[in-house]
Amino acid sequence: MTTAAGTSTQLGRRPPLWFIFSVTVAGILSNSVLTPNIPDILSDFGQPDGRAGLLVAVSPLPGVVMAPIIGILADRFGRRRVLLPCLVTFGVAAVLASLAPTFPALLGARFLQGVGGAGLVNLAFVLIGDHWDGLERTRLIGRNSAVLTVCLALVPSLSGLVAEVSDWRWSLALGAYAFPIAAVGWKVLPDTRPGTDRSISEQLRGAAVVLRTPAVLTILVSGVLLFVVIFGVFLTALPVHLEEEFGLSAGPRGLVLSTFSVGATVAAFNLGWIKSKMGVRPLLVSSCCLIAVAAAAIGLAPTVALVVVASIAYGLGDGAAIPALQDLITSAAPTEQRASVFAAWVSGIRLGQAIGPIAAAALFAATSTQTTMLVGASMFALLGA
């Protein structure tokens, strides 16, 4: 494998970074366009607040099963032949979601979107792992995460504003962005594969050897727990909290939800430097503690301004912890098993993304959104310890 920009590797000519970043953006659209509109969607379909968890969780849920399948297929048949159908499926489902006549139809469309989305963000990171290595890989994984966090900031704001001038259906239709990205991918992705004549059972055994190592198991468990709390507290409970406690509509909610990206972008963009100064373990521990403090502060904040400050602090922790774990898991496997191993990580975090919203919605339905924030803070503090 070479490291000079634009050169060829064992998997063919290196795809342009802007395309990899574009795939990452597509991969985060499903929930990013949804979150500022959750209260309005539930109201339009006559659903209680407790259904917010189901609405969020139904999209990441199929990734628990589909991510490993997609990873295995990508290792056997090549990244291009798997990634492009994922993009098309995601785009079709986004259109169906925007046209859904009933709440069950919307859930079905979002489930299908989760099937396509299960192969997007993970394969973007796999492409970076395939074509770059060493400190350059760490740097680019951080840059990819920075792009992701910037879009996590901009997309909820854009989605909320679109809903303000039209309605939430046009917001969900933004996922059709995946169509032109698929068309570009047809041109720029090399039609190559890692190259293995092994049977599927041999391929699975090879990946299992990597996954059973203590370091990889620790990364997987940490990822599940991180995303349980992130998706439960910050993506499900927080939009409802902003409406109930401060009376914010979709547009302002989207703006507040996007502020975390200020901190997350700074941390992710400088991941290589931070990692070289702190080391991995201190970086992860301090990130979890920072997120815990931020969650507690959001729950107790008496004003929106203080929520914004705490959200930026949460972003700093999130922007350092998640790409650091992604870098570790990407580097843990050889090229011919990288998509399968990274897919196991994605499957785990999809499980966390599905459990978190349901658990959080049940908790704030029985207690309050403030209590949910404080419980989430406690879980992050324990994880950091």
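This passage walks through the salt bridges, aromatic contacts, surface patch and selected helix positions of a predicted model.

The charged pairs make a handy way in. Side chains of opposite charge can pair when their charged atoms come close. In this model the count comes to 4 salt bridges. One of them ties Asp75 to Arg79, with the closest N and O atoms 2.8 Å apart. Asp75 and Arg79 are both buried. Arg79 also reaches Asp130 in a salt bridge, and here the closest N and O atoms sit 2.7 Å apart. That second pair links distant parts of the chain, since Arg79 belongs to helix α6 and Asp130 to helix α8, with their positions 51 residues apart in sequence. Like Arg79, Asp130 is buried.

Another salt bridge joins the side chains of Arg139 and Glu136, at 2.6 Å from N to O. Arg139 and Glu136 are 3 residues apart in helix α9 (residues 134-165), so about one helical turn separates the two. An α-helix has 3.6 residues a turn, so residues three or four places apart point the same way. With a relative accessible area of 31%, Arg139 is partly exposed, and Glu136 is partly exposed too, at 28%. Back at Arg79, shared partners join Asp75, Arg79 and Asp130 into one network of salt bridges.

Asp130, the α8 member of that network, sits in a well-covered stretch of chain. Helix α8 spans residues 121-131, and 11 of its 11 residues are buried. The buried set includes nonpolar side chains such as Val121, Leu123, Phe125, Val126, Leu127 and Ile128. Asn122, Asp130 and His131 are on the buried list as well, as are Ala124 and Gly129.

Helix α6 (residues 79-98) shows another side of the model, because part of it counts as accessible: Val88, which lies in this helix, is partly exposed at 39% relative accessibility. Val88 belongs to a nonpolar patch on the surface, together with Val92, Val95, Leu96, Leu99, Leu112 and Phe179. Taken together, these residues offer about 530 Å² of accessible area. Helix α6 supplies the largest share of the patch, with 4 residues. Ser98 is found in α6 too, but Ser98 is buried, at a relative accessible area of 9%. The side chain of Ser98 puts a polar atom 2.7 Å from the backbone oxygen of Val95, and Val95 is itself one of the patch residues.

Turning to the rings, the structure holds 4 aromatic pairs. A pair of aromatic rings is described by the distance of the centres and the angle of the planes. Phe45, Phe103 and Trp168 come together as one aromatic cluster. Two arginines also sit over ring faces. Arg80 lies over the face of Trp186, at 4.2 Å from the ring centre. Arg143 does the equivalent with Phe269, at 3.7 Å from the ring centre.

A few positions show how spacing along the chain compares with spacing in the fold. Leu140 lies in helix α9 and is buried, with a relative accessible area of 2%. Leu140 and Pro323 are 183 residues apart along the chain, yet 9.9 Å separates their C-alpha atoms. Ser261 gives a similar picture from helix α15 (residues 260-269). At 6% relative accessibility, Ser261 counts as buried. The C-alpha atoms of Ser261 and Ala146 are 8.4 Å apart, with the two positions 115 residues apart in sequence.

Leu158 is a useful contrast. Leu158 is found in helix α9, but at 44% relative accessibility Leu158 counts as partly exposed. Measuring up against Arg80, the residue over Trp186, Leu158 is 78 residues away in sequence and 30 Å away in space, C-alpha to C-alpha.

How values were computed: Residues are numbered from 1 along each chain as its sequence is written. This is a predicted model: local features need pLDDT of at least 70, side-chain atom pairs count only at pLDDT 80 or more; totals for chains, interfaces and linings use all residues. Side-chain values use heavy atoms; hydrogens and water are left out. Patches are made of residues with over 30% relative accessible area and no salt bridge: like charges are joined within 9 Å, nonpolar side chains (Val, Leu, Ile, Met, Phe, Trp, Tyr) within 5 Å. Accessible areas come from the Shrake-Rupley method with a 1.4 Å probe; for residues, only the protein chains shown count as cover. Buried means under 20% relative accessible area, exposed over 50%, partly exposed in between (1.4 Å probe, protein chains only). Rings of Phe, Tyr and Trp (its six-membered ring) pair if their centres lie within 6.5 Å; planes under 30 degrees apart count as stacked, over 60 as edge-to-face and the rest as tilted. A charge sits over a ring if NZ of Lys or CZ of Arg is within 6 Å of the ring centre and within 35 degrees of the ring normal. A polar contact is a pair of N or O atoms within 3.5 Å; within protein, one must be able to donate a hydrogen and the other to accept it, and residues adjacent in sequence count only if both atoms are side-chain atoms.
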